[in-house]
Amino acid sequence: MMLPVLSFAQNQVDSLSCDACVQQLSSQCPNGVKEGWTVNSVVAAGDTVTVEIEMPSSLGPFMTALAANKLNAKKLWVYYVADYGKEWKNLINRIQEERRSLLLALKPKGSEKTYHLFVSPDELGTILAND
């Protein structure tokens, strides 16, 4: 008896709009998704979805390379966010389907500096097409 209910709920999650996904995930923030990693916020403003991620301070010295304006760096972070779970993968897919941009605000714990990585709809399409 529970199987049809669970299947229906599963289909609803998969069919959420980008804004609904953002709202759902935002309500869970701050969210310690992995040890030393926290998603502090998820916000949609216009055609851009911003995800703010705090990471271990040990990555601070590598942030120039990790947040470089290169497709490989963007691919790394898109896959990383999608790896948080089904809801996050769904958000990435909705961003791409609705041709929105993704802005990642990356901040090593204890750092004053936040690194920004902008992923355009075309870049996101390229990244997900290779998936």
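This guided tour moves through the structure one selection at a time.

**Before starting**

The model is predicted, so local features are reported at pLDDT of at least 70 and side-chain atom pairs at pLDDT 80 or more, whereas totals for chains, interfaces and linings use all residues. Residues are numbered from 1 along each chain as its sequence is written, and side-chain values use heavy atoms, with hydrogens and water left out.

**Stop 1: the whole chain**

Display the protein as a cartoon. Six helices and five strands make up its secondary structure; helices (H or I, at least four residues) and strands (E, at least two) are DSSP runs, numbered from the N terminus. Followed from the N terminus, the order of elements is α-α-β-β-β-α-α-α-β-β-α.

Now display the surface. The accessible surface amounts to about 7,400 Å², and carbon and sulfur atoms hold 53% of that; such areas come from the Shrake-Rupley method with a 1.4 Å probe, and for residues only the protein chains shown count as cover. Of the 131 residues, 37% are buried. Here buried means under 20% relative accessible area, exposed means over 50%, and partly exposed lies in between (1.4 Å probe, protein chains only).

**Stop 2: helix H4**

Select residues 71-82, which form helix H4. The twelve residues should span 16 Å at 1.5 Å a residue, and the end C-alpha atoms are indeed 16 Å apart; the expected span is 1.5 Å times one less than the number of residues. The buried residues of this helix are Ala73, Lys74, Trp77, Val78, Tyr80, Val81 and Ala82.

Add helix H6, residues 121-129. Two packed helices are described by the angle between their axes and the distance between the axes. The axes of H4 and H6 lie 10 Å apart, at an angle of about 70 degrees. H4 is therefore roughly perpendicular to H6, a label for angles of 65 to 115 degrees, while under 35 counts as roughly parallel, over 145 as roughly antiparallel and the rest as oblique. The axes are lines fitted to C-alpha atoms over the stretch in contact, and the angles run from 0 to 180 degrees between N-to-C directions.

Show the side chains where the two helices meet. Leu71, Lys74, Lys75, Val78 and Tyr79 of H4 are in contact with Glu123, Leu124, Thr126, Ile127 and Leu128 of H6; contact means heavy atoms within 4.5 Å.

**Stop 3: Leu104**

Select Leu104 in strand S4. Is Leu104 buried or exposed? Its relative accessibility is 0%, so Leu104 counts as buried. Leaving aside residues up to four places away in sequence, Leu104 touches Val51, Ile53, Trp77, Val81, Tyr115, His116 and Leu117. Two of these neighbours, Trp77 and Val81, are also among the buried residues of H4.

**Stop 4: helix H5 and the loop after it**

Select residues 86-97, helix H5. Its buried residues are Trp88, Asn90, Leu91, Ile92, Arg94 and Ile95. Show Arg94 and Glu97, whose side chains form a salt bridge with an N to O distance of 2.7 Å. A salt bridge is a side-chain nitrogen of Lys or Arg within 4 Å of a carboxyl oxygen of Asp or Glu, and the structure holds six. Arg94 and Glu97 are three residues apart in H5, about one turn of the helix. An α-helix has 3.6 residues a turn, so residues three or four places apart point the same way. Arg94 is buried at 12% relative accessible area, whereas Glu97 is exposed at 51%.

Move on to Arg99, which follows H5 and has a positive phi near 55 degrees. Arg99 forms a salt bridge with Asp122 (2.8 Å, N to O). Because Arg99 lies in the loop between H5 and S4 and Asp122 in H6, the pair ties together parts 23 residues apart in sequence. Arg99 is partly exposed at 49%, and Asp122 is exposed at 53%.

**Stop 5: Asp19 and Arg100**

Finally, select Asp19 and Arg100. They form a salt bridge in which the closest N and O atoms are 2.8 Å apart. The pair links distant parts of the chain, 81 residues apart: Asp19 is in helix H2, and Arg100 is in the loop between H5 and S4. Asp19 is partly exposed at 41%, while Arg100 is buried at 11%. Add Glu98 to the selection: salt bridges with shared partners join Asp19, Glu98 and Arg100 into one network.
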